[in-house]
Every structure is written in structure tokens, then in C-alpha cells.
Amino acid sequence: MLTMKNTIDDMFFLHEDVFNFNEFWGAIGRPGAIDSEVYKSILNEAARFSETCLKPINLASDLEGCQFVEGQVKTPSVFKKAWKDWQDGGWSSLRGLAAYGGLSLPHSLSVAVDEIHSSACMAFMLGPIATAEGARLLERFASADIKARYLPRLYKCDWSVSMDITEAQAGSDLSLIQSTAVPVAGDYYLLSGNKIFITWGDHDLSDNIVHLVLARTPSAPAGNKGLSLFLVPKVCLNDKGELADRNEIYCTGIENKMGLHAAPTCSLHFSKAKAWLIGEENAGLQCMFSMMNAMRLSVACNAVGVASRASQQAMDYARDRRQGKSRADENSTTRTIIQHADIRRMLLSNKAWYEGGRALNFLIAMLLDEHEYSDNSEDKENADALSSWLTPICKAFTSDRAIECSLEAQQVLGGHGYIRESGLEQHVRDLRVTQIFEGTNGIQALDLLRRKTIAQDARGLKLLGKKIECVIESLPTHYFEEEAQALKRLLTKILSLSVSLCEHPDSRANDGIAVDYLQACGYLVYAWLWLKIAVTCKDKNQQFYQSKRTTAHFYFSYLLPQAETHLLRIHQSRNIQALLDEAL
């Protein structure tokens with residue numbers, strides 16, 4: 001479990017030293033919300049479950065895949081025991097409300113646990129993660145009766161959740177959704193329509209599947225403002241809350257995908273299925289976005305987990321594989337490939353990316369906890385503003401870098417990375433969807449620029465700027481001085497650009513620079529986090545801390561300069577847009 005030990009050590013370092021969660025909990029009025037020893041013991045148990053239950057089934061489940069037989073979805077046979085073990089471990093109850101059998105533990109724990117489990121078998125984890133986040137949605141918006149009937153079973157993972165949004169004509173544009181829900185006598189609706197690309201939309205592992213479906217009522221206005229959210233169970237419940245009649249929901253097929261072969265991606269047909277309204281009519285998008293934003297953080301956890309696993313596999317291989325001799329001494333023995341410069345470059349780049357991504361996930365979880373638990377209204381608002389601004393960066397920039405990590409890890413193994421037995425090619429295939437899930441990365445960029453920056457007068461960025469200034473001011477004399485100045489220069493450029501965009505919004509021109517804007521902001525955020533990590537490691541001589549400082553230096557000298565390329569593209573954007581008009 002050396003791979004997991006490295007991960008746990010890094011997570012505990014972030015929890016205890018970089019973000020100092022013990023001090024944080026006291027500052028927001030929840031001292032001792034989760035004890036350090038309890039935190040670490042849960043992470044260790046998650047690692048044990050990951051290594052003994054999930055890692056062994058990753059390749060086997062990918063090879064077997066899912067089957068669609070006579071209208072029924074069959075998941076890989078190795079999933080049945082894993083699902084039972086998951087239930088027995090109580091993993092889906094971590095953040096659930098205590099009143100319904102949950103443990104009421106914070107976001108800052110769940111992001112760590114999600115990453116650990118996703119690193120071992122992402123395809124399996126997509127089901128339980130959606131179930132946990134679906135339960136959170138019901139906690140916020142469902143009636144007391146629905147909470148009482150559904151939450152205890154979801155916390156036990158006796159039942160699962162799927163998020164049913166996409167339709168053939170309505171992918172990223174949800175205003176085109178055509179599914180309808182007609183009210184009938186009583187407290188329910190009859191929902192009809194077709195949904196596609198529904199992850200874990202049907203399977204054979206839980207007794208019931210709770211579909212959270214966006215649809216329109218007959219009187220709904222057109223567009224996004226006419227969408228409502230409905231709970232549609234695969235099996236309806238009787239008055240006692242027990243499973244009763246099968247609902248009119250049918251899986252019509254599963255997709256043959258590039259990756260995640262073990263996770264069923266379903267097409268569903270609803271034929272006047274009984275459905276219950278969640279929240280208010282025509283407010284469905286607001287409800288669903290609470291889950292989608294949480295799922296975007298979960299995607300980043302998936303991405304970091306798999307990228308970390310791939311990178312550490314490459315590290316182990318590079319330390320063992322012998323190829324080539326020293327050019328300075330032809331009589332020397334064959335060297336391990338980790339001694340070759342290009343291998344070191346790839347491995348250190350990966351370390352900077354997945355450890356930086358992990359730090360960003362922890363930061364956003366901390367902000368979510370502050371917004372949820374703090375008694376200070378200004379602190380709650382600021383935490384919400386900053387986490388909202390960071391979320392599209394977290395989802396898009398982190399998943400982009402995770403793909404790079406998987407490809408570089410595969411490259412380290414050379415031909416061995418291209419064959420199935422190594423597992424590296426599966427990591428590449430499985431990670432690809434993280435750039436598409438929960439809104440493509442291009443849409444995340446538009447969201448960051450339009451809604452989170454221009455519409456908010458760059459409030460989130462300005463809050464980040466204050467945090468960056470605090471870290472720079474805390475630096476000892478001559479310690480990471482050049483790196484701090486580079487960070488300050490980049491912050492100044494991005495702040496100036498953002499203020500200009502807010503003062504002179506031009507929708508068409510801005511859309512063309514959105515991706516480069518997100519990338520530049522991503523480099524900025526990671527730079528701040530690596531400087532914060534370097535400050536934490538000052539005067540600590542153990543190899544763990546020396547490695548952190550070296551990685552921070554490498555990030556600033558080798559990776560951060562790429563931010564300037566994105567800023568240059570932004571300044572050239574008007575010329576490029578004109579060329580695109582001519583070319584396309």
C-alpha cells in the first residue's frame with residue numbers, strides 16, 4: 001500500500017499543516033468538528049477498502065464491462081461483492097443528516113475519501129458518489145415525507161440515485177428539454193420523455209433507483225425557467241415506505257464507450273411514470289445545480305485520484321526499469337530510467353499537477369464547510385463567492401491536467417504503457433470523460449468568465465487576490481522571493497484584464513477568450529497553492545518537505561510560464577476571431 005501511504009501522508013499534511021483544519025473549525029464556531037486522529041483513521045480505512053476491495057476489480061470489471069440483456073442492465077460480476085462491502089462499510093452515510101442515519105461529517109473529509117476510492121476504481125465509484133450527492137439534494141429541497149422515506153435507504157446504499165438531465169436534442173442547452181410531467185389527483189405527476197447518457201441510470205446492484213429528472217409541467221414557460229425537478233423511483237413505495245409496484249421506467253440500451261466500461265451509461269424511457277415534485281415548480285434548475293456543482297468537485301476528485309494512481313505507477317516503474325548508460329561513462333552499469341532527464345521532467349510535472357489539484361479540492365471543500373457551518377454572515381458570503389469562482393477552474397483545469405498526467409505516465413512506461421496489462425491505457429480512457437462530465441470544460445470556461453467574473457464584478461478573483469497577498473506578505477526574507485514576484489505579476493495582469501472585461505463586456509469577443517482565461521486563472525490558483533505549501537515547509541528538513549519545496553520551485557520555473565501563453569492568446573483574440581470568421 002505504498003501508493004496509498006503517499007496519498008494519505010499528503011492529505012494529512014494538507015489537513016493539518018497547509019489548511020490547518022483544527023484551527024479552522026474553531027474559527028467558524030465548530031471546534032473539534034472532526035478530530036485529527038479520527039480523520040486519519042477514516043482515511044486509512046478508506047485506503048484499506050480501496051486497496052483490498054476496489055483496486056483488484058478495476059481491470060477485471062473493465063474487461064467484462066456491462067451487458068444489456070432482454071431489457072436488463074448487467075453490471076460486471078465482480079461489482080456485486082464490492083457493492084455489498086461498500087454498504088457494510090457505511091461509506092455513503094458520511095455526510096448524511098444524523099436524523100436519518102447519516103454521520104454529518106464535513107466536505108473536507110468526503111473529498112479525501114472520494115479521491116482515495118476513485119483512484120482504485122472510478123467506474124464503480126460513479127454510482128455511490130451520485131447517490132451521496134443526490135441524497136444531499138433531497139436534504140435541501142425535498143419534503144419531510146420524502147426525506148423520511150428515502151434518505152435512510154440512500155445513506156445505506158440500499159437504493160441508488162441517478163441524475164437524469166440530457167436528452168437527444170438537449171445536451172448542454174437545457175432550455176431544449178422536452179420531457180413533460182402532468183399533475184394528477186393526489187400528490188404526484190405522470191412523467192413522460194426520453195433521457196440519454198444517464199450514468200448508472202439502470203443496474204442490478206440496488207433494490208431501487210431514485211431518478212432525479214428535469215421536466216416541464218403543462219403550464220411551464222419556455223426555456224430554462226420552465227424546468228422542474230422530479231423524483232421518479234424505479235420501484236414505487238407503498239404507504240409504509242416499502243417497495244411496491246414497478247414504475248413505468250424502461251432502459252432502452254447502454255452506450256459502448258471509450259472508457260469506464262464497467263459503469264453503465266443508459267438511455268431511459270419514461271412512460272407516464274409516477275413522479276414527485278422536488279422543490280417548487282419551475283425552480284428545477286436551481287435545485288439540480290446544487291447537485292451539479294457538487295458533482296463538479298467530485299469529478300475533480302475522480303481526476304486527481306486516477307492521475308495520482310497513474311503517476312505513482314509510473315514512478316514505481318521508473319525506479320525499477322533499467323535502460324541506457326551514463327553518457328559520461330560508457331563503462332557504467334545500466335541506469336534506472338528515473339535517472340534520465342526527460343523521465344524526471346514527466347514525473348515531476350505530474351507530481352506538481354496532481355498534488356496541486358488535490359490542494360485545490362481541499363480548499364474548495366474548506367470553503368463549502370465555511371459557507372455551511374460558519375455563524376459569520378460576511379464570512380459565509382465570501383466563502384460562497386470564492387468557492388463559486390473556483391469551481392469551474394477546479395473541474396476544468398484539474399481534469400485537463402489529469403489527462404496530461406495519465407498520458408505522461410503512459411509515456412514513462414513506453415510500450416508497456418500502451419498494453420492493457422499495465423493499467424495505464426485504462427487510466428487514459430477512463431479520465432477522458434472528466435473533461436466532458438457535468439458540463440464540458442469549454443462550458444466551464446464560459447461560466448467562469450460570464451457568470452462568475454463579469455456578472456459578479458470579479459468578486460471571487462478579488463477575494464483570491466487578498467489571499468495571495470497574505471501568503472506573499474508572510475514569506476520570510478529571500479525565501480521563494482522570485483516565485484512570489486512571479487505570482488504577484490501574474491495576479492496583477494489577470495486582475496487588470498478582468499476589470500477591463502467587466503467594464504467593457506463584449507459577449508462574442510469574450511466567448512472566444514474564455515478557455516484561455518480559465519487556463520490562465522488555473523495556473524494562478526495552482527501557483528498560489530504551491531507557494532502556500534512552500535511556506536508551510538519552511539525550515540523542515542525531512543525528505544517529504546524537501547520534495548514539496550523542490551516541486552514548488554519546479555512549478556514556478558517550468559510550468560507557470562505557460563500562463564503567459566494564454567494571456568498572449570487573449571490579447572490576440574480579436575485578430576483570431578476575424579480569421580476564424582474567414583476560415584469557417
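The legends below describe several close-up views of a predicted model.

**View 1. Helix 5 and helix 6 pack against each other.** In this predicted model, the axes of helix 5, residues 107–120, and helix 6, residues 122–141, come within 8 Å and cross at roughly 155 degrees. Because of that crossing angle, helix 5 counts as roughly antiparallel to helix 6. On the side of helix 5, the contact is made by His-107, Asp-114, His-117, Ser-118 and Ala-120, while helix 6 contributes Met-122, Met-125, Ile-129 and Arg-136. Sorted by character, the residues of this contact divide into four nonpolar, three polar and two charged.

**View 2. Helix 6 and helix 9, seen along their lengths.** Helix 6 has 20 residues and reaches 28 Å from its first C-alpha to its last, which is close to the 28 Å expected at 1.5 Å a residue. Helix 6 is also mostly covered, with 18 of its 20 residues buried. Helix 9, which spans residues 341–373, has 33 residues and reaches 48 Å from its first C-alpha to its last, close to the 48 Å expected at 1.5 Å a residue. Of the 33 residues of helix 9, 25 are buried, and this helix too is described as mostly covered.

**View 3. The largest nonpolar core and the surroundings of Tyr-517.** The largest nonpolar core holds 166 residues, and the members that touch the most other members are Leu-138, Leu-212, Met-288, Trp-389, Tyr-517 and Tyr-555. Helix 16, residues 507–536, supplies the largest share of this core, namely 17 residues. When residues up to four places away in sequence are not counted, Tyr-517 touches Trp-389, Leu-448, Leu-449, Thr-453, Leu-461, Ile-494, Leu-497, Ser-498, Leu-501 and Ile-570. Apart from the largest core lies another core, of 16 residues, among them Val-73, Ala-181, Ala-273 and Ala-275.

**View 4. Ala-275 in strand 11.** Ala-275 lies in strand 11, which covers residues 265–278, and Ala-275 counts as buried because its relative accessibility is 0%. With residues up to four places away in sequence left out of the count, Ala-275 touches Tyr-188, Tyr-189, Leu-191, Phe-230, Leu-231 and Val-232. Measured against the chain's other parts, one pair may help to orient the reader: Ala-275 and His-571 are 296 residues apart in sequence and 51 Å apart in space, C-alpha to C-alpha.

**View 5. Ala-144 in helix 7.** Ala-144 has its place in helix 7, residues 144–155, and counts as exposed because its relative accessibility is 58%. From Ala-144 to Leu-191 the separation is 47 residues in sequence and 22 Å in space, C-alpha to C-alpha.

**View 6. Glu-70 and His-478, two loop residues with positive phi.** Most residues other than glycine have a negative phi. The phi of Glu-70, however, is near 50 degrees, a positive value in a residue other than glycine. Glu-70 is found in the loop between strand 1 (67–69) and strand 2 (72–74), and it counts as exposed because its relative accessibility is 78%. The phi of His-478 is near 70 degrees, a positive value as well, again in a residue other than glycine. His-478 lies in the loop between helix 14 (459–474) and helix 15 (481–503), and with a relative accessible area of 65% it is exposed.

Conventions. Residues numbered from 1 in each chain as written. Predicted model: local features only at pLDDT ≥ 70, side-chain atom pairs only at ≥ 80, totals over all residues. Heavy atoms only, no water. Axes fitted to C-alpha atoms, helices over the stretch in contact; angles between N-to-C directions. Helix = DSSP H or I, 4+ residues; strand = E, 2+ residues; numbered from the N terminus. Parallel < 35°, antiparallel > 145°, perpendicular 65-115°, else oblique. Contact = heavy atoms within 4.5 Å. Nonpolar A, V, L, I, M, F, W, Y, C, P; charged D, E, K, R; others polar. Expected span 1.5 Å × (residues − 1). Buried < 20%, exposed > 50% of the residue type's maximum accessible area, 1.4 Å probe, protein only. Core = buried A, V, L, I, M, F, W, Y, C linked by side-chain atoms within 4.5 Å.
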